[in-house]
Every structure is written in C-alpha cells, then in structure tokens.
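Visitor: I am new to this structure and would like to learn how its features are read. Could we go through them one at a time, beginning with the cysteines?

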Amino acid sequence: MTKHSIEQLVEYYRQLLTPVYADRKFMHVGEVDVGLLHEVEQMRVLGASEPFLLAGNRGTSDQSIDDNLRLYLLNLTGNDMVDSARNFADTATNLPVEIQTAIDEWDPDQEARYVFAAQLIEISEIGNRQKYGRRKSTWLLLENKTTIDELWDQIGIARAPSKVVELTDKALKSYASELDQGDGTVWVPDNQTSVHGGSVSLRWVHTGENPDAVIRELKQAASKVRIMPFLEGVPMSIHGIVFPSGVVVLRPVELAVLRQRKRHGFLWGGCMTGYDPSSEDRAYMRDVARRTGEYLSAEIGYRGPFSIDGILTSDGFRPNELNPRLSGGFAPQLRGLADLPFAPLCWAVMENESLDYRAEELEEAIVSMADKIRGGRGMVITPFRIEQQRKIELVREGEAFVMSGEGQQADVVLDVGPSPSGGIIFMRPSAETELKGFRLAPELVRALCFCDQHLGTDFGELEAAKEVRAT
C-alpha cells in the first residue's frame, strides 16, 4: 500500500473509533508506566477524557512522562514475568486506600472503565471499574496448555504427539520415555493456580534423565502436565484478529526462546520480524491462524486478537499454544503503522461494537507494512539487580560481542536497567543494520554472554534454536 493509502486508512479508523471513545473516561492499567503512554496518546486523539494511569512500576526507558498525567505506581516486585503478573493482579484487586481514593476523586460518578493492552491475568474489575475489552470465560480456557491439543485435533491441524498426565500417575516416566524422539521431552503444567507465559513454567527433561526433581517442582502449582517431544527448530508465532466479518491474519514472527540446557528450562527473549520462513511455510502458518480464528468465531463467538506459538520443525510448523489476547508479537508488526489506533480497535472488537471494521483492508495494510518495515527487539528479565539505566553499544568480534570502540559503528545496542524482578535487558540492532533476514535468537545469546562477563549477570550457558527447515 502507498503512504497515502496508509494515511487514509489510519484516518478512517480514527473516525470510526472516535464515537466509541470520545468524552469517556478510561483508566489505563499496566505493569510499567512507559508501556501506557502510546495507548494514552491514541485515546487522546480519539477524544477520550483525561485518563488515570495505574502501573505496577517504573519502566526502563528514555521516554519521559508528562508530570500533568495522573500516574500512580504500586511499586511491586516479582521473581519472574508470571510472578510479577500474579502480584499485580493480587494488588490491583485490593488497591491501597490512597489510590482507590484518587480514582474515586477522578471519577466521582463511577462512569470510567479500565483498559489493559497486554494483560496476562484477566481481572474483571480494578478500583471498582470494569474492564473495557473484556475476555469471556470461554475465551480464557484457550490459554490452558494442557487442553489446547484437543483444539488442534478438532480443527484438523497437524501437531506434535503429546500426553496429558496426572503428576501423581505412576506411569508418568514411561509416558515421557515413549514420547522422547531423541532430544528429551518438554513438560508444561496446567492452569490450576493461574495462567503462565514467557516460558517460565516450561521444563526440559533430557533423554535418560530422572525427572523426579521436575515432578516435585511442578506439583507445587499443578495437578496435570502435558508432555511432548522436544522439537528442534525455530520458535515462531502467527497472529490474527477475529472480526464479525472475518479473520485478519498477519505474518510470521520469530520468538527468541533461548535454551538453558543445564537448568532444564527456557528463557524468553522477545520477538522480531526479520526472519522469513519459506513462502510455503508462511502460507501454511497463515492458514493455521485463519482456520483457528474461523473455528473460534463459529464455536464460542470469539472476538479480538490471538496468537499461535509453535516450532518450525523439519516437518513444518507445529503449534503448541494459543494466546487469546494482545500478545507481544503484534508490536513489531506495527512498526510502520505507529499512528494506527490498534489497541483501541481490538478493544472495540472484543466488546462487539457494531462498526464497519474493513477487515480485509486492515489485513492488507498491516501485512504489507510488516513485510516492508521489520521490527522487534530482544527483551530479557533477570533476577540480577541492575541499579542504573545505561546504554551499551556492541560490535561483533568473531563469534562474540565486545564493546564498540571510538568511531566504531555498533552492531547492536543494549539498554539495561532495573525491573520489578531485578533487572531488564533490551537488545536492538543498530539503525544501520538490515533487519530483513536478521535472526534475533543467536545474536541475543551473544549479547547475554557479554552481560554475564561484564555486568555480572548469571544467565549461564544459553543456546539458540537451530534452523532445520529450508527457507
């Protein structure tokens, strides 16, 4: 699409959504403050009233925050991404008195709704204000990784073999041995305590290894586990949006899921659109997303965004989970459409607002721009405490990264700083780096090795997935 047609489409969606949001009060909620600013500005353009911002903590960013905004922090901590989300949900449902009072003073008539762009744990009310862009209970069930294989079977989508087993089952080890295809098995718990994400709860049991320690650990939060073979290949995701008139399907996204072989787990490291599977695999992944969206729409009345994560194996793409929400992989696909009110559009769809969404035009615009302008970054949360925000420029020297010298052009840039879990590390290619064809995971492994050596972090030995499928 041309720049002019993109501008026209953005303006169309602004005009379409203005009657939905104009003169209404919204409380913007998120785990870090800077993560709220983009949607706050988009809602301002749509005519929304002055917002109230509620964040779990300050974020590591160079972006400044207007002192005139009503911003309140919960100052939360957490051991990892999921623990932070749980702590946020617990506190948000029982707010400190001073924050509840501030909300009531801002919205004395209790007309406001709250919005949350990337919410892992669904909360029906925060501060006695209901959510706009709610997910129905039947939609939330899709997040359970021990039941999702039933969905792939119902739709007729090829998947890896798996077994869902009670953690008390005496045949547990024999099931795992039967599923092992030579590289061990991956174990994921049910959602008995809450949802989980960011690879936090995944465990890798190696071939011939006694899984007793993994079983004891998983029993603390689950009663069942899904066991599947460890699949070699590039982790990838495909995203879609279910509209009343049809399903919008986007392009594949690389997921940087790094392997911690000695720790029997995985490290979530962000996502990027530089890597391209073959045209046949791309078409298949998009077909999987379209068929899934159509099925969810017909069977449970699903509306809104979703993503399907899986592995691009030697036999093709094999899905292993479905996320019925706005997930991180949407953002890099919108790099060329920064003015598109994407989150407000998705919230309106989820609320089943009767609008002319022009789904086909939206799909063409996002996919064409995402193919043209690649985006994304590495992002790793660590329990290692990083006290100060700083920027580190790195260049390749052989197979490693070293700090760039005077006058050297950086290959990648690290932005490091504090997080509720201890520290956070962002890795982005330099502005001069060609992103088309850029694979995130191997470069992130090199960057985190540098962090271990020079910052004192303790990521240890990491591995990036291998490409086993022709591109």
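Guide: Let us begin with Cys449, whose sulfur lies 9.2 Å from the closest cysteine sulfur, that of Cys451, which is too far for a bond. Please keep in mind throughout that this is a predicted model.

Visitor: What is a disulfide, and how many does the structure hold?

Guide: In general, a disulfide is a covalent bond that joins the sulfur atoms of two cysteines. This structure holds 0 disulfides. Cys449 is partly exposed, its relative accessible area being 38%.

Visitor: Why does Cys271 form no bond with Cys346, and is Cys271 buried or exposed?

Guide: The closest cysteine sulfur to that of Cys271 belongs to Cys346 and is 15 Å away, so the two are too far apart for a bond. Cys271 counts as buried, because its relative accessibility is 9%, under the 20% limit.

Visitor: How should I read the packing of two helices, and what is the case for H9 and H11?

Guide: Two packed helices are described by the distance between their axes together with the angle between those axes. For helix H9, residues 279-300, and H11, the axes come within 16 Å and cross at roughly 145°, and the crossing is right-handed. On the H9 side the contact is made by Arg282, Arg286 and Arg290, and on the H11 side by Glu363, Val367 and Asp371. Sorted by class, this contact has 5 charged residues, 1 nonpolar and no polar ones.

Visitor: Which residues have the most contacts inside the largest nonpolar core, and which element gives the largest share of this core?

Guide: That core has 39 residues, and those with the most contacts inside it are Tyr21, Phe243, Leu340, Phe342 and Trp347. Two or more residues each come from helix H1 (3-21), strand S11 (234-243), helix H10 (342-350) and helix H11 (359-372), with H1 giving the largest share, 9 residues. Another core, of 27 residues, lies apart from it, and includes Ile392, Leu444, Leu455 and Phe459.

Visitor: Where does Asn75 lie, and what is the sign of its phi?

Guide: Asn75 sits in the loop between strand S3 (70-73) and helix H3 (81-92), and its phi is near 55°, a positive value in a residue other than glycine. Asn75 counts as exposed, because its relative accessibility is 54%, over the 50% limit. Asn128, which is not a glycine either, has a positive phi of about 65°, and lies in the loop between strand S5 (125-126) and strand S6 (129-130).

Note on methods. Residues are numbered from 1 along each chain as its sequence is written. This is a predicted model: local features need pLDDT of at least 70, side-chain atom pairs count only at pLDDT 80 or more; totals for chains, interfaces and linings use all residues. Side-chain values use heavy atoms; hydrogens and water are left out. A nonpolar core is a set of buried Ala, Val, Leu, Ile, Met, Phe, Trp, Tyr and Cys residues joined through side-chain atoms within 4.5 Å. Buried means under 20% relative accessible area, exposed over 50%, partly exposed in between (1.4 Å probe, protein chains only). Helices (H or I, at least four residues) and strands (E, at least two) are DSSP runs, numbered from the N terminus. Axes are lines fitted to C-alpha atoms, for helices over the stretch in contact, and angles run from 0 to 180 degrees between N-to-C directions. A crossing is left-handed if the near helix is turned anticlockwise from the far one by less than a right angle, and right-handed if clockwise. Contact means heavy atoms within 4.5 Å. Ala, Val, Leu, Ile, Met, Phe, Trp, Tyr, Cys and Pro count as nonpolar, Asp, Glu, Lys and Arg as charged, and the others, Gly among them, as polar. A disulfide is a pair of cysteine sulfur atoms within 2.5 Å.
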